[in-house]
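User: Got a minute to walk through this one with me? I'd like to begin with the ligand.
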Amino acid sequence: MTSTALPTTADLRTRARTSLERIGAPVPEGTDFPARTPITGEELFGLTAATAAGTEDALRATREAFLIWRTTPAPRRGELVRRLGELLRDHKSDLADLITIEAGKIRSEALGEVQEMIDICDFAVGLSRQLYGRTIASERPGHRLAETWHPLGVVGVISAFNFPAAVWSWNTAVALVCGDTVLWKPSELTPLISLACDRLLARAAEEVGAPRDVHRLLLGDRTVGERLVDDPRVALVSATGSTRMGRAVGPRVAARFGRCLLELGGNNAAVVAPSADLDLAVQGIVFAAAGTAGQRCTTLRRLIVHRDIADTLVARLTAAYARLPIGDPFDEHTLVGPLISLQALDGMQDALARVQAQGGKVLAGGGRRLTDAAPRAAYAEPVLVRVDEQTDVVREETFAPLLYVLTYDTLDEAIALHNDVPQGLSSSIFTRDQQEAERFLSAEGSDCGIANVNIGTSGAEIGGAFGGEKETGGGRESGSDAWRAYMRPATNTINYSSTLALAQNVSFL
Ligand code: UN1
């Protein structure tokens, strides 16, 4: 199914301008780089990129603001984030429009992304009164041993197009309550939503009396990101994107002994056991694999199905794929919007050709839609491919709605297949057998940072730490105690006796 006609670029331009104006962030016109929409694949506005001097100014300003912000009590810092959360609630619809226009997300997912931002603000406000350190039993009489958490410095946030606002908010809301200031280099593909978020945070800062430069936005290409990566004033670089990007960023930050929080590629799988509730599994699989047009880092890319139910499940998935409405993400019936670019479509078609050459059989999808209506846009039919083994293309992350189906006979085999990829972000098992579920979640089960039961791999809530192992980069963001990455611990030994007792019974003088 293809949904109705697409909006024109002129309509989308007006809609984007209206949303930005309501948010109070007028479009800064320029010629350095374009703001585009994947809905038509065309240009909306020309924008201005940060210059080297502008980047230097932002580095200096956020560093200076840090010196004030770090001494502001954490619950007071929380007031800034609370106000940001209120403004996000007030402008939820406008922000979602900008996300749809720039990232191509369907309305419900775009609203969901803004909700995720609101949720992290609530979480961070609570956190502002819970930055707990521990006390440690000292071996010496009259001594107290404590761990104290202090603000870290300027945090450089490098974010990707697919969650253009939520991933910024995960980092920024937490960094701000931790006493850090933030420099944000968003994806070049999503500058408008970045301008909107930056404006709302600036407004919140004005209203609560926080320093103006607790946050600065730097639009531009990778040279801007590279400046943040190399500058020793940036205490932590939190980067979300491809494994290739992480390979470039990680060693450069390490070379100057900076800290890095990496959120990189995933190649997420679900195991479907013979006892699985197939109604539940089909719904969970289709959302995880085809939702967001396969462009979440948590997207389901591999399905590992027990041989006894493989044909039944595959038939049901094939039927569900054939019914997926693809097209205008603003149309309320659409479930699959456009890919971000023609380049992404090329990547998908290339992976599809390779997997077919390696023996894969296409069961559903693979075509391109709306080519005449929008030749510069990339509307792709989500694809289901049956493969006999986990070949090299299956072990790669292709950022598109491409689901590989493999079969297994024993749970040990399923877990081995599951873990035999370089990435380790998200995973799930569909089963009604508790022993199987627990084994999958155990130390000898999934090797991912996220492991679920009877739910797909994507769509994590705020509250749990988000991130993964191996080539996913090891970082944890947003929930649980991920805040610790944004602070530095100090160990304090306090002697309240009148004797100088040395540790380990050392005697001296
Ligand atoms: C991402 O794709 O970079 O769990 C983040 C999810 C979302 C976040 C995805 N809450 O799918």
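Analyst: Sure. The shell around the ligand draws on both domain 1 (9-264 + 473-489) and domain 2 (268-462), with at least three residues from each. Keep in mind that this is a predicted model.

User: Which residues surround the ligand?
Analyst: Glu116, Asn162, Phe163, Val167, Thr240, Arg296, Cys297, Thr298, Ser458, Gly459 and Ala460.

User: How do the residues of that shell divide into nonpolar, polar and charged?
Analyst: Four are nonpolar, five polar and two charged.

User: Now Glu263. What does UniProt place there?
Analyst: An "active site" feature, and the UniProt entry is unreviewed. That label comes from the record.

User: Where is Glu263, and is Glu263 buried or exposed?
Analyst: Glu263 is in strand E9, residues 259-263. Glu263 counts as buried because 30 C-beta neighbours lie inside 10 Å, and the cut-off for buried is 20 or more.

User: What does Glu263 touch, leaving out residues up to four places away in sequence?
Analyst: Thr240, Cys297, Gly467, Gly473, Gly475 and Glu477. Two of those names, Thr240 and Cys297, also appear in the set surrounding the ligand.

User: Back to the domains. How far apart are the C-alpha centres of domain 1 and domain 2?
Analyst: They lie 30 Å apart.

User: And how many residues are in contact between the two domains?
Analyst: 22 residues of domain 1 are in contact with 23 residues of domain 2.

User: Which elements give two or more residues to the domain 1 side?
Analyst: Helix H4 (92-103) and helix H5 (107-127). H5 provides the largest share of that side, six residues.

User: What's the residue mix on the domain 1 side that touches domain 2?
Analyst: Eight nonpolar, seven polar and seven charged.

User: Switching to backbone angles. Which residue other than glycine has a positive phi of about 50 degrees?
Analyst: Ser480. For context, most residues other than glycine have a negative phi.

User: Where is Ser480 found?
Analyst: Ser480 sits in the loop between strand E22 (477-478) and strand E23 (487-495). Ser480 is partly exposed, because 13 other C-beta atoms lie within 10 Å.

User: What about Gln504, what's the phi there?
Analyst: Near 60 degrees, again a positive value in a residue other than glycine. Gln504 belongs to the segment after E23.

User: Why does Gln504 count as exposed?
Analyst: Gln504 has 5 C-beta neighbours inside 10 Å, so it counts as exposed. The cut-off for exposed is 12 or fewer.

User: Next, Ile326. Where is it, and is it buried or exposed?
Analyst: Ile326 is in the loop between helix H11 (307-322) and helix H12 (342-357). Ile326 is buried, because 25 C-beta neighbours lie inside 10 Å.

User: How far is Ile326 from Leu370 in sequence and in space?
Analyst: They are 44 residues apart in sequence. In space, C-alpha to C-alpha, they are 9.2 Å apart.

User: Last one, Asp308. Which helix is it in?
Analyst: Helix H11. Asp308 is exposed, because 11 other C-beta atoms lie within 10 Å.

User: What separates the C-alpha atoms of Asp308 and Asp409?
Analyst: 8.2 Å, with their positions 101 residues apart along the chain.

Methods: Residues numbered from 1 in each chain as written. Predicted model: local features only at pLDDT ≥ 70, side-chain atom pairs only at ≥ 80, totals over all residues. Near = placed C-beta within 6 Å. Nonpolar A, V, L, I, M, F, W, Y, C, P; charged D, E, K, R; others polar. Domains from an automatic or database assignment. Helix = DSSP H or I, 4+ residues; strand = E, 2+ residues; numbered from the N terminus. Contact = placed C-beta atoms within 7 Å. UniProt positions renumbered as here; feature names shortened; annotations may be inferred.
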